[in-house]
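Hi,

Here is the structure I promised to pass on. Have a look at it first, and then read on for what turned up when I went through it.

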Amino acid sequence: MALDLANTVVFREDPERSLDRFDDPVELPRFAEAAAIFRIGEWGKVQFHPPLSQKGIEALIGIREVINSLFRSTTREGSLQSGDLSTFLRLGSDFVCNEPEGRDLRLPNLSEKKRELSLGAAAFLSAMRLLDPARLERIKICPNCHWLYFDESRNRSRRWCDMNVCGNRAKARRHYNRNVKQAGNNHV
């Protein structure tokens, strides 16, 4: 779920194509609802609450950006960066401290009882789970769209965030370039 939040900025590494989905305020509740559905295996039955105030939205974007920076730099450099980690822990602890007393924060939680959690606290707890070294080494950056993704393949050989989208695009691009090159050689 933490990586899903980081990926709400599309084409993050390409300033000309970059798009922040949260620039549209309608996207926050949509994301919260979709995350509860798509991450049921991680969270069990849950309802994520998006922030309602501007200050809350800014805090969520802050934790999103530090999650992105933390995992992107760790993927590239092979180690956790102290600055990113300390900022992540500080911002995340604010979200957890703002959860009502008695809220079940266990992860994964596959109990039958539906629970509620703020989107920021859920993203922080999900990211904390990814800090386990066995999980951390499975986080990769898609060479096509630049999303962060968790490689669940047995031998850690997955190359794209989604084979049906980015993988096909990369293969089609290679095929096109190969055919253009071959066609150019035939006219010599």
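The largest nonpolar core in this predicted model has 37 residues. Inside that core, the residues with the most contacts are F48, I63, I67, F71 and F88, so those are handy ones to click on to get your bearings in the core. Several elements chip in: helix 1 (2-6), helix 2 (27-38), strand 3 (46-49), helix 4 (54-77), helix 5 (82-97), helix 6 (119-130) and strand 5 each supply at least two residues. Helix 6 gives the largest share, eight residues.

If you want one residue to start from, try I67. Leaving aside residues up to four places away in sequence, I67 touches A2, A6, F88, A123 and A127. There is also another core, apart from the big one, with eight residues, among them V10, F11, C145 and W160. I'll come back to F11 below.

Next, the helix pair. Two packed helices are described by the angle between their axes and the distance between the axes. For helix 4 and helix 5, the axes come within 9 Å and cross at roughly 145°, and the crossing is left-handed. On the helix 4 side, the contact is made by A59, L60, G62, I63, V66, I67, S69, L70 and S73. Helix 5 answers with D84, L85, T87, F88, L91, G92 and F95. Sorted by class, that contact has 10 nonpolar, five polar and one charged residues. I63, I67 and F88 turn up here as well as in the list of residues with the most contacts inside the largest core.

Now for a couple of loops. F11 sits in the loop between strand 1 (9-10) and strand 2 (19-20). Is F11 buried or exposed? F11 counts as buried because its relative accessibility is 15%, and the cut-off for buried is under 20%. The backbone of F11 has a phi near 50°, a positive value in a residue other than glycine.

H146 has a positive phi too, near 70°, and is likewise not a glycine. You'll find H146 in the loop between strand 5 (139-141) and strand 6 (148-150). Which residues does H146 touch, not counting those up to four places away in sequence? They are F11, E13, R72 and I141, which ties the two loop residues together: F11 is on the contact list of H146. H146 and V10 are 136 residues apart in sequence, yet their C-alpha atoms are 7.9 Å apart in space.

One more spot to look at is R115, in strand 4 (residues 115-118). R115 is buried, because its relative accessible area is 9% and anything under 20% counts as buried. Its C-alpha atom is separated by 8.7 Å from that of F48, and the two residues are 67 residues apart along the chain.

Finally, the overall picture. The protein chain has eight helices and six strands, and along the sequence they follow the pattern α-β-β-α-α-β-α-α-β-α-α-β-β-α. Of its 188 residues, 40% are buried. Among contacts with a separation of 6 or more, 56% are between residues 24 or more positions apart. The chain exposes about 11,300 Å², with carbon and sulfur atoms supplying 53% of that.

Cheers

Methods: Residues numbered from 1 in each chain as written. Predicted model: local features only at pLDDT ≥ 70, side-chain atom pairs only at ≥ 80, totals over all residues. Heavy atoms only, no water. Helix = DSSP H or I, 4+ residues; strand = E, 2+ residues; numbered from the N terminus. Contact = heavy atoms within 4.5 Å. Buried < 20%, exposed > 50% of the residue type's maximum accessible area, 1.4 Å probe, protein only. Areas by Shrake-Rupley, 256 points an atom, 1.4 Å probe, with all protein chains shown as cover. Core = buried A, V, L, I, M, F, W, Y, C linked by side-chain atoms within 4.5 Å. Axes fitted to C-alpha atoms, helices over the stretch in contact; angles between N-to-C directions. Left-handed = near helix turned anticlockwise from the far one by under 90°. Nonpolar A, V, L, I, M, F, W, Y, C, P; charged D, E, K, R; others polar.
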